[in-house]
Amino acid sequence: MLKKITLRFYEELNDFLPSSKRKKRFEHSFIDRTSVKDMTESFGVPHTEVDLILVNGNSVDFSYLVNDGDDISVYPMFESLDITDLQHLRAKPLRKPKFILDVHLGTLAKYMRMLGFDTLYQNNYEDEEIVKISLKEKRTILTKGRGILKRSEARHGHWIRSSTTMDQLIEVIKRFDLKEQTKELSRCLLCNSLLKIIAKEKVIGRLPRKIKELQNKFYYCENCDKIFWKGSHYTKMKGIIEKIMLL
Ligand SMILES: [Zn+2]
């Protein structure tokens, strides 16, 4: 039997929809028995982006089977609206923000490490591996593709909308409320390890002449055997932080 329902997606969930379905209630017809999770994903909205689904005004979980005549509202994570009495679909936010990025977000990974965020990235990660690591290490997946977030095992994730790295960074900081959690020059840009402060005399033999004259504080990655200082990377990062603080 052909079933008819109405649907509406709220706020940033509209980013996933074709323009004809954005920010309004629309009708949809279907035949097969479908869970509300599969229904929302059939419109391109990954379940990891959804926090609350109301069917005819009542909150339901992802396994709810859609009935003829249902009126469905789909909401993203709420920032401030009090919906504590309703059933949330997302797992609780991860307390210490840790991330794993897909293969398209290498530059973002470096920027995030510059700001001290625990960020895993490898340009040869398979989607399956990313999901596995995110579950094991309780990391939020950041991705440019939507496929990875539609995997049923994926728990925490965010689809990056912005295209420039700077905008992506701002998007992540806003979405996960990270403004107060930056810790600059604390992580290696190359491998994500925590950096140690190292005495100048221990590294002086390895420094370019100009750096020897200008810099006095050095940071060391044991894993990469690399030395960092407040050079051009740092100036760039400071600029980024200041821009973010103005948001
Ligand atoms: Zn390193």
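Leu-190 touches Lys-110, Arg-113, Cys-224 and Lys-226, leaving aside residues up to four places away in sequence. One of those partners, Cys-224, is also a zinc donor through its SG atom, so here's a quick tour from Leu-190 to the metal site, bearing in mind that the model is predicted.

**Leu-190 and its surroundings**
- Leu-190 sits in the loop between α5 and β10.
- Its relative accessible area comes out at 43%, so Leu-190 counts as partly exposed.
- Don't look for Lys-23 among its contacts: the C-alpha atoms of Leu-190 and Lys-23 are separated by 41 Å, with their positions 167 residues apart along the chain.

**The zinc site**
- Which protein atoms hold the zinc ion? The donors are the SG atoms of Cys-188, Cys-191, Cys-221 and Cys-224, at 2.2 to 2.3 Å from the metal.
- The arrangement is tetrahedral because the 4 donor atoms subtend angles of 102 to 115 degrees around the zinc ion.
- Along the chain, the donors follow the spacing C-x2-C-x29-C-x2-C.
- Cys-188 and Cys-221 link distant parts of the chain, 33 residues apart. Cys-188 belongs to the loop between α5 (165–175) and β10 (196–198), while Cys-221 lies in strand β11 (residues 218–221).

**Buried or exposed?**
- Cys-188 has 0% relative accessibility, so it counts as buried.
- Cys-221 is buried too, because its relative accessible area is 0%.
- Leu-190, by contrast, is partly exposed at 43%, even though it shares the loop between α5 and β10 with the buried Cys-188.

How values were computed. Residues are numbered from 1 along each chain as its sequence is written. This is a predicted model: local features need pLDDT of at least 70, side-chain atom pairs count only at pLDDT 80 or more; totals for chains, interfaces and linings use all residues. Side-chain values use heavy atoms; hydrogens and water are left out. Donors are N, O and S atoms within 2.8 Å of the metal (3.2 Å for Na, K and Ca); water is not among the atoms, so sites may look incomplete. Four donors count as tetrahedral if all angles lie between 85 and 135 degrees; four count as square planar and six as octahedral if opposite donors are over 155 degrees apart and all others between 65 and 115; anything else is irregular. Helices (H or I, at least four residues) and strands (E, at least two) are DSSP runs, numbered from the N terminus. Buried means under 20% relative accessible area, exposed over 50%, partly exposed in between (1.4 Å probe, protein chains only). Contact means heavy atoms within 4.5 Å.
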